[in-house]
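Colleague: I'm new to this one. Can you put it up and walk me through it?

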Amino acid sequence: MSSRQTNVEETYEDEENDELFVDLIRKNPRPALIWLAGVAILVLLEIGRAFAGLGQLIGIVSYLAGGLAGVPGYVGGNVAGVAGGIVGSITTAITAVVMLLLVSIPFAGRVPDRAVDVLGLDLTRYQRRWTKRSVLALVLAGGAALFALSPVGGVTALVSSGVDSLASSLPALTSRETIPNQGYRAPDGGWEGTFMGLSPAIAWAIRLTLVFLYAMVCLVWGWKGFEIYRTHYRQADWTPADDTIRRFKGNYWGLFGLAIVLLFVVLALWAPAVSPVQAEHNIYQPNAHDFQYLTDDGEVESTTHVFANLDSRSDGQGTVSPMSYDTYDRWAPLGTTARGQDMMTHLSYGARTSLIIGITAIGLGALIAVVLSLLAAYYKGITDIATVMASDTIQAIPALLLIMLLSVIFQESNHPIAQPLDGGFLLALIFALAYWPGMWRAIRGPSLQVAEQEWVDAAKSYGQTPLRTMRKHMAPYIAGYILIYASLLIGGVIISTAALTFLGLGINPPTPEWGRLIDGGQSYVATSSWHVATIPGIAIVLVVVAFNALGDAIRDAIDPEADVEESEAATAGGGA
Amino acid sequence: MSGNTIETTPNGERNDDERSRGRDTMVSIRDLKTYYEGGGLFDNPPVKAVDGVSFDIYRGETLGLVGESGCGKTTLGRTLIQLEEATGGEVLFDDTDITSLTGDQLYEWRRNAQMVFQDPDSSLNDRMTIGEIVREPLDVHDWKTPRERRNRVKKLLDQVGLAAEHYFRYPHQFSGGQRQRIGIARTLALNPEFIVLDEPVSALDVSVQAEIINLLEELQDELDLTYLFIAHDLSVVRHICDRVAVMYLGNIMEIGPTEELFNDPANPYTHALLSAIPRPDPTQRRDRITLHGTPPNPRYPPSGCPFSTRCPARIRPEAYEALDDDVWDGINALREILRERMRATRSVRERIRERFDMETRFATMDETYEELFGGLDVPPEAEEVLQRVADIAGDHDERRALDALDEEFGSICDGVDPDGSDEEIDPEYYTVGENDRKSYCHRHDDGFREPAPVLDDRH
């Protein structure tokens, strides 16, 4: 039995779970089918937007892939500059191989045995694992080469352009085409070009209502799906997650946080539908897009947004207040900014920017923190010391100072990383670097604690691999903690982004950002244009408070002792 | 302490001994040492948790391993299944030295030896269902097909007295005894031959303990298992074990068949340990042997016999044989204090405070002396030596003070060679009783009285 097939339990495990799950569905397919039909209807309603989202996803992935593909060449190029061309090429190759192997390690367990058996070698378990990793890395390298060097690469461009054209041609319930709100006052009264001839304000309000209705239905249907799964298809009649959900449901402060956070997410996801005017027209390229309006002389004329914005500035002298039309009959539900742009558009796209930065920064930081804390807790000794040193080194520099330093250096040198989102992506990476030590520190204790549990010893005693021990037996216990700290910290990231932008260091125009709105409006707070700084200010406060409330609620919900003594746990809950 | 190997393999002369005939050694431990390094950058001496242990475990038997907390019995058990790395010596498992196994060989071997853990709250991952927990060893070793694994898990659950419906329950939903059953099912999953039971019932209610013990016995009969049963509950050990090994400070003090060892203990430590068992018969008066002090720090074990610092039957120099027991207790305590002081480093501040007769965290030697021997009737010749020792120690020359103390009151038990050589003398394993029993004590040597009568005299 020395070289029996090994290390495939993962694939087996999935198959097996599927099998049981599939069995249950086969026995009683009705609830699942009804639910799936609902999902299909929901997707069809917003099919155009779904494709638009897909197109954006493809864009992000190809940007990241392009960036990663450039790393070996970049490293090799730097080395070549110092040590000569051949060394540089070798370095390029080595970097590429290392990167491919790193990518393949987490997925190698899923490589079927056949892929290795084909080689006809008699391998030990250890060798087999590495062979699988190498095979996967080789396949990845082949795929990458195929994309880079052959016409196959063109296919992706084709696909992405196809997705884009589908996105613009397919209808969506909440799209600007279905419910247009931009039009002009007709000379004979009434409105031209708006939804059913209604006023832009009402058309916009209908669209906004639809967006939130749709989002709510999606949520409810998702929850329904979980309930259907729980009653019909889950093998266990109770899991620890049930208790967590039950406790969360009773926490009104947490539910309030969740509601605001969802509002924020919906605002970001449906920014094109929520904004009364396209961001492209009003913010990014106002001089390239024009629109029609009714002049005082009773004639319909055309002008560009850039000129119209100049007349619609809320800068103390002139003000377009919330819930009003500007002189060009453009509907401004939240008024205009100091530069005459539409505030609602700015706010919703700014939410998008904040969310992308927050999720990227916290996601990346949390990943680093979790991986390092698990490694340090499992192996202890030198790994632990190295991690402590790395985090202490970063924490020794004041976080905001470090962030400013790095962002200035990269922005001034016009580094390619500083391009996406006008520095937003760069900011996210810097936040991840600056904030992982904090998260790591927060979960270090729990990691060390869980590493001492006897079930970790038990796993070792029957030969479980360290990687899988960490994932199955340690990571789930860290997940709760990291979730809490991530949700608390994401508010911090949003506020720091705004603060940096306020100082003129974070995200450059034209990418919309809340901090810049506050910066632009701060001098008019005492004037009739008070809303310019106040509205985004209130929004930031609300979002940060909501994320904190959510984090608190998660902490209380995952703590099983909260059940035992409800009142005492509430007072002592601050410990985590 | 090396080189004292117990020759437990039955030899030709003993072929009339029924118990040892047909016995088949499964695990053979030779001079096993497990040290925990001090940690940190400084070169602290290691903690000698297991310090040169040798014995055999026979196929199909239950070997009990008893001793007080911290004596190294759990570490020994963990080393046997390679959860701890041995510092020295070997563990022969069917003639393979498992301490030298690495990588795939170790992974393959692991299915032969498993462990039941002490705390059923901590040994089961709360986030997994019972099915997943019991199945994991099968998954790790890629045992047959998923469907067969699932069936095996259900069979195992049935075997340990749970139901197949429990497959999708979580550990939260079970009581301590049931959780221990789940742990046992997981241990059995890979069909091991040898199982280390690390205090499997000590965290359970007394009523549940018996159920688990019976389950373990049934499983042993059914599956031909070999157990190493680690425990501190002597009555449980007496009930379940075929043989018992008594451990103290990283050493096996006595090992032999259970009934014989319980009825007629040979080693002074075994005497002391057994005398701690409460007796149900109130009319039967037997003096409890109370051990003074605490076990020595395993980082700095005493020289000579590990039990010498607390032994109630310690060999005393002839000149002081008649000395009062309380005085002897005082002398032993003095030795411990000196050893402790020798290790303690004094800071500059403390040296200065001492110079100016200010208070430090070290009591002065006079105070110590007064405390130990104050109310006692110490014979003049002993008093003179003790005073001298205290004076030397007062000058912070503990090493010389200890030498002086050993010279006068030391015996072979403290590692002092009676023939006068500087070499340290360790006890040997002497065969006692009729059935291949070994005891680690100088008193079994022909030159000394046996421990039992000495204990009777002294207590």
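Colleague: Let me start with one residue: is A:Asp384 buried or exposed?

Modeller: This is a predicted model, to begin with. A:Asp384 counts as buried, because its relative accessibility is 15% and the cut-off is under 20%.

Colleague: Which residue does A:Asp384 form a salt bridge with?

Modeller: With A:Arg444; the closest N and O atoms are 2.6 Å apart. The two are 60 residues apart, and the pair links distant parts of the chain. A:Asp384 sits in helix 15 (residues 381–396) of chain A, and A:Arg444 in helix 17 (residues 424–451) of chain A.

Colleague: And is A:Arg444 buried or partly exposed?

Modeller: A:Arg444 is partly exposed, at a relative accessible area of 22%.

Colleague: How many salt bridges does a search of the whole structure find?

Modeller: It finds 37 over all chains.

Colleague: How many of those are across the interface of chain A and chain B?

Modeller: The rule finds two there. In one of them, A:Asp457 pairs with B:Arg78, with the closest N and O atoms 2.8 Å apart. The pair joins two chains, because A:Asp457 lies in helix 18 of chain A and B:Arg78 in helix 1 (residues 73–80) of chain B. Another salt bridge runs from B:Glu136 to A:Lys472, where the closest N and O atoms are 3.8 Å apart.

Colleague: Back to A:Asp457 and B:Arg78. Buried or exposed?

Modeller: A:Asp457 is buried, with a relative accessible area of 17%. B:Arg78 is buried too, at 14%.

Colleague: What area is buried between the two chains?

Modeller: About 3,600 Å², and carbon and sulfur atoms give 51% of that. A:Glu454, A:Ser461 and A:Tyr462 supply 20% of the area that chain A buries against chain B, more than any other three residues.

Colleague: How many residues does the contact take from each chain?

Modeller: It takes 35 residues from chain A and 41 residues from chain B.

Colleague: What about polar contact across that interface?

Modeller: There are 18 residue pairs in polar contact across it, both residues being at pLDDT 80 or more. On the side of chain A that touches chain B, at least two residues each come from helix 1 (9–27), helix 6 (125–149), helix 18 (454–461) and helix 19 (466–502). The residues of that side are 13 nonpolar, eleven polar and eleven charged.

Colleague: Pick something in helix 19. Where is A:His473, and what does it touch?

Modeller: A:His473 is placed in helix 19 of chain A, and it is buried, with a relative accessible area of 2%. Leaving aside residues up to four places away in sequence, A:His473 touches residues of chain A including A:Trp455, A:Ala459 and A:Tyr462. From chain B, A:His473 touches B:Asn125, B:Met128 and B:Glu136.

Colleague: Switching to chain B. Which domains does the assignment give?

Modeller: Domain 1 (12–275) and domain 2 (318–410). Their C-alpha centres lie 44 Å apart.

Colleague: What does B:Arg59 meet in a salt bridge?

Modeller: B:Asp24, at 2.9 Å from N to O. B:Asp24 lies in the segment before strand 1 (25–36) of chain B and B:Arg59 in the loop between strand 2 (47–58) and strand 3 (62–66), so the pair ties together parts that are 35 residues apart in sequence. B:Asp24 counts as partly exposed at 37% relative accessibility, and B:Arg59 is partly exposed at 35%.

Colleague: Which residues are in the network with those two?

Modeller: Salt bridges that share partners join B:Asp24 and B:Arg59 with B:Asp94 and B:Glu193 in one network.

Key:
Residues numbered from 1 in each chain as written. Chains lettered and ligands numbered in written order. Predicted model: local features only at pLDDT ≥ 70, side-chain atom pairs only at ≥ 80, totals over all residues. Heavy atoms only, no water. Contact = heavy atoms within 4.5 Å. Buried area = accessible area lost by both parts, 1.4 Å probe. Salt bridge = Lys/Arg side-chain N within 4 Å of Asp/Glu carboxyl O. Polar contact = N/O pair within 3.5 Å; in protein donor to acceptor, adjacent residues only side chain to side chain. Helix = DSSP H or I, 4+ residues; strand = E, 2+ residues; numbered from the N terminus. Nonpolar A, V, L, I, M, F, W, Y, C, P; charged D, E, K, R; others polar. Domains from an automatic or database assignment. Buried < 20%, exposed > 50% of the residue type's maximum accessible area, 1.4 Å probe, protein only.
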